[in-house]
Amino acid sequence: MWENEIEAIEGRHLDIKAADLVFIGSSSIALWESLKRDFAPYTVVQAGFGGSRIADAITYHDRLINRYHPKIVVLFSGTNDLCGDESTATPAYVAESIAQLMKLVHLENPDTVRIVLPITPTPSRAHVRHLVDEANGLIHRYALREGYRVVDTASTVLIETTPDPACFVEDQLHLSPLGYKKWVTVLRPIIDDLLR
């Protein structure tokens with residue numbers, strides 16, 4: 001299903017044998033137009049494919065993560081698993097699948113720092129906010145147990161407990177430049193510290 005997208009990602013990174021950073025996940029990674037600028041001068045692989053779910057990241061982790069032997073991998077996935085339709089997964093499935101992917105990365109690249117970004121609460125999916133909050137709680141719990149890190153980008157796009165519409169584009173699902181800027185504000189210092 002995703003072969004064309006995976007080949008396109010590989011084609012854009014042919015010159016990279018070893019990466020500082022691999023960002024993998026769904027459309028929030030794929031549509032992050034300023035990603036490589038935001039994390040310059042590091043070597044960055046942008047391995048997002050829109051509409052993907054965690055199972056897809058697991059399926060393609062060898063080609064999108066392991067082949068680059070990254071110093072740090074950053075995962076953002078789960079939004080499409082909790083989309084609110086008949087295919088919606090359980091929060092436990094989401095957290096367990098993320099843990100599975102993080103284990104697979106660790107097996108191949110034991111020195112890679114693994115970072116998970118929690119699922120972003122969005123205005124357009126307010127009807128599944130309870131699932132998002134439950135999944136994020138479980139993601140934190142698994143991370144503590146399994147030894148990877150969660151960086152709280154989710155709260156950066158909230159006003160108190162409500163998603164800030166200015167942090168999202170017109171569909172109120174995908175991040176606006178302001179939303180990405182807020183992510184970078186919390187993530188960049190952590191990346192700099194790890195790669196120092």
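The questions and answers below go through the sheet, the cores, one strand residue and the charged pairs of this predicted model.

Reader: What should be kept in mind about numbering, confidence and atoms before reading the values?
Author: Residues are numbered from 1 along each chain as its sequence is written, and side-chain values use heavy atoms, with hydrogens and water left out. Because this is a predicted model, local features need pLDDT of at least 70 and side-chain atom pairs count only at pLDDT 80 or more, whereas totals for chains, interfaces and linings use all residues.

Reader: In what order do the five strands of the open sheet stand, and which are the edge strands?
Author: Strands here are DSSP runs (E, at least two residues), and helices are likewise DSSP runs (H or I, at least four residues), both numbered from the N terminus; two strands pair if DSSP finds at least two bridges between them. The pairing in this open sheet is parallel, and the order is S2-S1-S3-S4-S5. Each edge strand pairs on one side only, and these edge strands are S2 and strand S5 (149-150).

Reader: How many bridges join S1 to S2, and which residue of S2 is the bridge partner of Phe-23?
Author: S1 and S2 run parallel and are joined by five bridges. S1 also pairs with S3 in the parallel sense, over five bridges, and there Gly-25 stands opposite Phe-76 in S3. On the S2 side, the bridge partner of Phe-23 is Gln-46.

Reader: Is S2 largely enclosed or open to the outside, and how many of its residues are buried?
Author: Buried means under 20% relative accessible area, exposed means over 50%, and partly exposed lies in between (1.4 Å probe, protein chains only). In a regular strand the side chains alternate between the two faces of the sheet. Here Val-44, Gln-46 and Gly-48 point one way from S2, while Val-45 and Ala-47 point the other way, and all are buried. S2 is largely enclosed by the rest of the structure because the number of its residues that are buried is five of the five.

Reader: Which backbone oxygen does the side chain of Gln-46 reach, and at what distance?
Author: Gln-46 is found in strand S2 and is buried, with a relative accessible area of 15%. Leaving aside neighbours within four places in sequence, Gln-46 is in contact (heavy atoms within 4.5 Å) with residues including Ile-9, Arg-12, Phe-23, Ile-29 and Trp-32. The side chain of Gln-46 reaches the backbone oxygen of Ile-29 at 2.8 Å.

Reader: Which residues touch the most other members of the largest nonpolar core?
Author: A nonpolar core is a set of buried Ala, Val, Leu, Ile, Met, Phe, Trp, Tyr and Cys residues joined through side-chain atoms within 4.5 Å, and the largest one here has 40 residues. Elements that each supply at least two residues of this core include strand S1 (21-25), strand S2 (44-48), strand S3 (72-76) and helix H6 (91-108). Not counting residues up to four places away in sequence, Val-22 touches Val-45, Ala-47, Leu-64 and Ile-72, among others. The members that touch the most other members are Val-22, Ile-24, Val-94 and Ile-98.

Reader: How many residues make up the second, separate core?
Author: This core includes Val-74, Ile-115, Leu-175 and Ile-190. The second core is separate from the one described above, and its size is 24 residues.

Reader: How many disulfides does the structure hold?
Author: A disulfide is a pair of cysteine sulfur atoms within 2.5 Å. Cys-83 is buried, with a relative accessible area of 13%, and Cys-167 is buried at 0%. The number of disulfides is zero.

Reader: Which residue meets Glu-3 in a salt bridge, and at what distance?
Author: A salt bridge is a side-chain nitrogen of Lys or Arg within 4 Å of a carboxyl oxygen of Asp or Glu, and by this rule there are eight. Glu-3 is partly exposed at 30% relative accessibility, and its partner is partly exposed at 25%. The two lie 60 residues apart, in helix H1 and helix H5 (residues 61-64). The partner of Glu-3 is Arg-63, with an N to O distance of 2.9 Å.

Reader: Which residue meets Lys-71 in a salt bridge?
Author: Lys-71 is partly exposed, at 49% relative accessible area, and lies in the loop between H5 and S3. The partner lies 51 residues apart from Lys-71, in the loop between H1 and S1, and is buried at 14%. At 3.2 Å, N to O, the residue that meets Lys-71 is Asp-20.

How values were computed: A polar contact is a pair of N or O atoms within 3.5 Å; within protein, one must be able to donate a hydrogen and the other to accept it, and residues adjacent in sequence count only if both atoms are side-chain atoms.
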